[in-house]
Amino acid sequence: MILSTHAIVGGALASLFPSHPVAIIAAGLASHFAIDAIPHWDYRLRSISVAPGARNRLTLDGALLHDLALIGLDGCAGLALAIGLFATPATVAAIVLGALAAMLPDPLQFVHTLYPREPLSSLQSFHRWIHTKRQLGWRIGVSSQIAFVVAVVGVMAVLR
C-alpha cells in the first residue's frame, strides 16, 4: 500500500481512542501489516530498494531526489488527509500519531538496508513474510486503494 493509504487507516483507528497513545501506536503498526497483506499496487522507486540483500547507497542524484520527493509527497498527503478526515482540534496529535505509526514500517525497511541488525532484521523478515506476493497493475491497484480508503472513511462515519 502507498503511504497515504497507511496514514489514513492509522488516523482512522486513532480517532477511535484518541486518549490512549500506546494503543494508537499499536493499532497503527498492526494496521500497516494487516493491509499490506491485501494484494495492492506500490509505486516503483528508482534509487531505493528494500529487496532482500539490498544495500542502498545514498548518492545524491536525480533518481534519489525523485524518490524522496515522491515519498515525501505521498506521506504528507496521507498525513494531511488523515487530519482533514478524522481530526478535531482536540485530537490532532492523536491522529498524527496514528498516521505516523501506520507509515513507520516502510521507512524502517529502508533503514534496515543501511543497518541490517536486530531488531530491524526481525521486523524486516516479518514485513516481507506478511506482505502480499501478488502485486496489482497500477490501474486496478490505485482504484482499489481509493475504494479501500472510501470504505474506511464510510465505516468511520457510521461509527461516529
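These numbered points walk through the predicted model, from its core to its aromatic pairs.

1. **The core.** Start with the largest nonpolar core, which has 20 residues. Ala12, Phe86, Ile95, Val152 and Met156 touch the most other members. Five helices each supply at least two residues of this core: α1 (3-14), α2 (21-36), α3 (62-86), α4 (92-103) and α7 (138-159). Helix α1 gives the largest share, 6 residues. Keep a general tendency in mind here. In soluble globular proteins, nonpolar side chains tend to be buried together.

2. **Ala12.** Which helix holds Ala12? Ala12 sits in helix α1. Its relative accessible area is 2%, so Ala12 is buried, the cut-off being under 20%. Set aside the neighbours within four places in sequence. Ala12 is then in contact with Phe86, Val152 and Met156. Those three partners are also on the list of core residues that touch the most other members. For a contrast, find Arg117. Ala12 and Arg117 are 105 residues apart in sequence, and their C-alpha atoms are 32 Å apart in space.

3. **α1 against α7.** A general point helps first. Two packed helices are described by the angle between their axes and the distance between the axes. For α1 and α7, the angle is about 10° and the axes are 10 Å apart. An angle under 35 degrees counts as roughly parallel, so α1 is roughly parallel to α7. Which residues meet here? From α1 come Thr5, Ile8, Val9 and Ala12. From α7 come Gln145, Phe148, Val149, Val152 and Met156. By class, this contact has 7 nonpolar residues, 2 polar ones and no charged ones. Ala12 from the previous point appears here too, meeting α7 from its place in α1.

4. **Ile24.** Ile24 lies in helix α2. Is Ile24 buried or exposed? Ile24 is buried, because its relative accessible area is 2% and the limit for buried is under 20%. Leave out residues up to four places away in sequence. Ile24 then touches Ala14, Phe17, Pro18, Ala94, Leu97 and Gly98. Now look at Gly11. Ile24 and Gly11 are 13 residues apart along the chain, and their C-alpha atoms are separated by 8.8 Å.

5. **α2 against α6.** The axes of α2 and α6 come within 8 Å and cross at roughly 40°. That angle falls outside the ranges for roughly parallel, roughly perpendicular and roughly antiparallel, so the two helices are oblique to each other. On the α2 side, the residues are His32, Phe33 and Asp36. On the α6 side, they are Leu123, Phe126, His127 and Ile130. By class, the contact has 4 nonpolar, 2 polar and 1 charged residues.

6. **Aromatic pairs.** How many aromatic pairs does the count give? The count comes to 3 aromatic pairs. One of them joins Trp41 and Tyr43, with ring centres 6.3 Å apart and 65° between the planes. This pair is edge-to-face, because its angle is over 60 degrees. Tyr43 has 18% relative accessibility, so Tyr43 counts as buried.

7. **Phe126 and Trp129.** The ring centres of Phe126 and Trp129 are 5.9 Å apart, with the planes at 35°. Why is this pair called tilted? Its angle is neither under 30 degrees nor over 60, so the pair is tilted. Both residues belong to helix α6 (residues 120-130). Because they are 3 residues apart there, about one helical turn separates them. Phe126 counts as partly exposed at 36% relative accessibility. Trp129 counts as exposed at 62%.

8. **A link across helices.** Phe33, Phe126 and Trp129 form one aromatic cluster. Phe33 is in α2 and Phe126 is in α6, and both take part in the contact of those helices. Phe126 and Phe33 are 93 residues apart along the chain, yet their C-alpha atoms are separated by 8.8 Å.

9. **A cis bond.** Finish at Pro119. Pro119 is in the loop between α5 (105-114) and α6. The peptide bond from Glu118 to Pro119 is cis, with omega near 0°. Compare the general rule: most peptide bonds are trans.

Technical notes: Residues are numbered from 1 along each chain as its sequence is written. This is a predicted model: local features need pLDDT of at least 70, side-chain atom pairs count only at pLDDT 80 or more; totals for chains, interfaces and linings use all residues. Side-chain values use heavy atoms; hydrogens and water are left out. Rings of Phe, Tyr and Trp (its six-membered ring) pair if their centres lie within 6.5 Å; planes under 30 degrees apart count as stacked, over 60 as edge-to-face and the rest as tilted. Buried means under 20% relative accessible area, exposed over 50%, partly exposed in between (1.4 Å probe, protein chains only). Helices (H or I, at least four residues) and strands (E, at least two) are DSSP runs, numbered from the N terminus. A nonpolar core is a set of buried Ala, Val, Leu, Ile, Met, Phe, Trp, Tyr and Cys residues joined through side-chain atoms within 4.5 Å. Contact means heavy atoms within 4.5 Å. Axes are lines fitted to C-alpha atoms, for helices over the stretch in contact, and angles run from 0 to 180 degrees between N-to-C directions. Angles under 35 degrees count as roughly parallel, over 145 as roughly antiparallel, 65 to 115 as roughly perpendicular and the rest as oblique. Ala, Val, Leu, Ile, Met, Phe, Trp, Tyr, Cys and Pro count as nonpolar, Asp, Glu, Lys and Arg as charged, and the others, Gly among them, as polar.
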